[in-house]
Amino acid sequence: IIEAKRLASRCNSINELRDVVKSFEGCEIKKTSTNTVFSDGNPNANVMLIGEAPGANEDIQGIPFCGASGMLLDKMLRAIDLDRTKVYISNTVFWRPPGNRKPTDLELDMCRPFVEKHIALVVPKILILVGGIACYSLLDNIKTISKLRGKFHTYTNQYMSTSITTAAIFHPAYLLRQPQQKHLAWEDLKNIREYLNSNS
């Protein structure tokens with residue numbers, strides 16, 4: 001974790017950070033994964049999404065949110081006039097945990113300096129945390145996503161001088177399993193669109 005902080009603090013660009021993350025050997029799950037899943041989309045976008053951990057499809061393709069949950073995320077973004085050319089996407093950990101298990105606290109802690117620096121380099125207008133693990137890791141909050149969604153939060157970290165408006169939304173994989181929650185997801189997306197419209 002100390003090494004991750006040291007490396008992250010030295011990065012002055014997204015490309016530098018990508019190279020550092022790709023060559024970082026401190027996280028055990030890297031050894032069992034195929035690819036480092038760093039980001040997708042437009043690094044100059046006003047909207048940054050942080051997901052949870054790469055799954056099997058992401059690990060193979062090296063891109064966050066592909067497969068069924070990625071298709072649903074793309075659909076959700078399209079519903080509020082966004083797509084991958086207008087958003088930037090990353091995760092709380094960069095490698096797939098074996099068997100798609102949840103990342104451990106140690107894995108989240110080890111990747112967090114890189115995630116924090118990533119957000120500080122992008123400086124989005126709004127940060128969207130996708131799923132419970134992203135909220136747990138970055139809002140440092142014991143509340144469930146059901147309690148965190150539906151309102152805006154402020155996020156800052158050690159590499160930032162200002163805070164960023166932050167929204168929490170259900171993970172598309174969860175919505176595929178619990179389609180009855182889609183109406184809540186739609187409310188959250190409309191709030192995000194409203195925020196973007198009034199802060200453009």
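Here is a walk through this structure, from its overall build to its core, one of its helices, its aromatic pairs and two backbone details.

Keep in mind as you look that the model is predicted. The protein contains nine helices and six strands. Its C-alpha trace spans about 40 × 40 × 35 Å along the principal axes. A compact globule with 200 residues would have a radius of gyration near 16 Å, and the protein agrees with that because its own value is 16 Å. Buried residues account for 52% of the 200 residues. If you take the contacts between residues at least 6 apart in sequence, 74% of them join residues at least 24 apart.

Let us go inside. The largest nonpolar core has 62 residues, and L49, I50, F114 and I119 are the ones that touch the most other members. Helix α5 gives this core its largest share, eight residues. To get a feel for the packing, pick out I119: leaving aside residues up to four places away in sequence, I119 touches M48, I50, P124, L127, L138, Y155, N157, M160 and I164.

Helix α2 is a good place to see how a helix meets its surroundings. Its buried residues are I14, L17, V20 and V21. Viewed down the axis of α2, these buried residues fall within an arc of 125 degrees, so they line one face of the helix. The general rule behind such a pattern is that an α-helix has 3.6 residues a turn, so residues three or four places apart point the same way. The buried residues of α2 pack against α1 (2-10), β3 (87-91) and α5. Turn to the other side of α2 and you will find N15 and D19, which are exposed.

Now for the aromatic rings, which form five pairs in this structure. F24 and F114 make an edge-to-face pair, with 5.0 Å centre to centre and 75 degrees between the planes. F24 lies in the loop between α2 (14-23) and β1 (40-41) while F114 belongs to helix α5 (residues 105-122), so this pair ties together parts that are 90 residues apart in sequence. F24 is buried, with a relative accessible area of 6%, and F114 is buried with a value of 0%. Another pair, F170 and Y174, is tilted: the centres are 5.0 Å apart and the planes are at 40 degrees. Here F170 is buried, at 3% relative accessible area, whereas Y174 is partly exposed, at 23%. Elsewhere, F38, F94 and W95 form one aromatic cluster. A charged side chain also meets a ring: K117 lies over the face of Y159, at 5.2 Å from the ring centre.

Finally, have a look at the backbone. Most residues other than glycine have a negative phi. Against that background, F65 has a phi near 55 degrees, a positive value in a residue other than glycine. You will find F65 in the loop between α3 (56-61) and α4 (67-79), and F65 counts as buried at 4% relative accessibility. N100 is not a glycine either, yet it has a positive phi of about 60 degrees. N100 is in the loop between β3 and α5. With a relative accessible area of 45%, N100 is partly exposed.

How values were computed
Residues are numbered from 1 along each chain as its sequence is written. This is a predicted model: local features need pLDDT of at least 70, side-chain atom pairs count only at pLDDT 80 or more; totals for chains, interfaces and linings use all residues. Side-chain values use heavy atoms; hydrogens and water are left out. Rings of Phe, Tyr and Trp (its six-membered ring) pair if their centres lie within 6.5 Å; planes under 30 degrees apart count as stacked, over 60 as edge-to-face and the rest as tilted. Helices (H or I, at least four residues) and strands (E, at least two) are DSSP runs, numbered from the N terminus. Buried means under 20% relative accessible area, exposed over 50%, partly exposed in between (1.4 Å probe, protein chains only). A charge sits over a ring if NZ of Lys or CZ of Arg is within 6 Å of the ring centre and within 35 degrees of the ring normal. The arc is that of the directions from the helix axis to the C-beta atoms. Contact means heavy atoms within 4.5 Å. A nonpolar core is a set of buried Ala, Val, Leu, Ile, Met, Phe, Trp, Tyr and Cys residues joined through side-chain atoms within 4.5 Å. The radius of gyration is taken over C-alpha atoms; the globule rule is 2.2 Å times the number of residues to the power 0.38.
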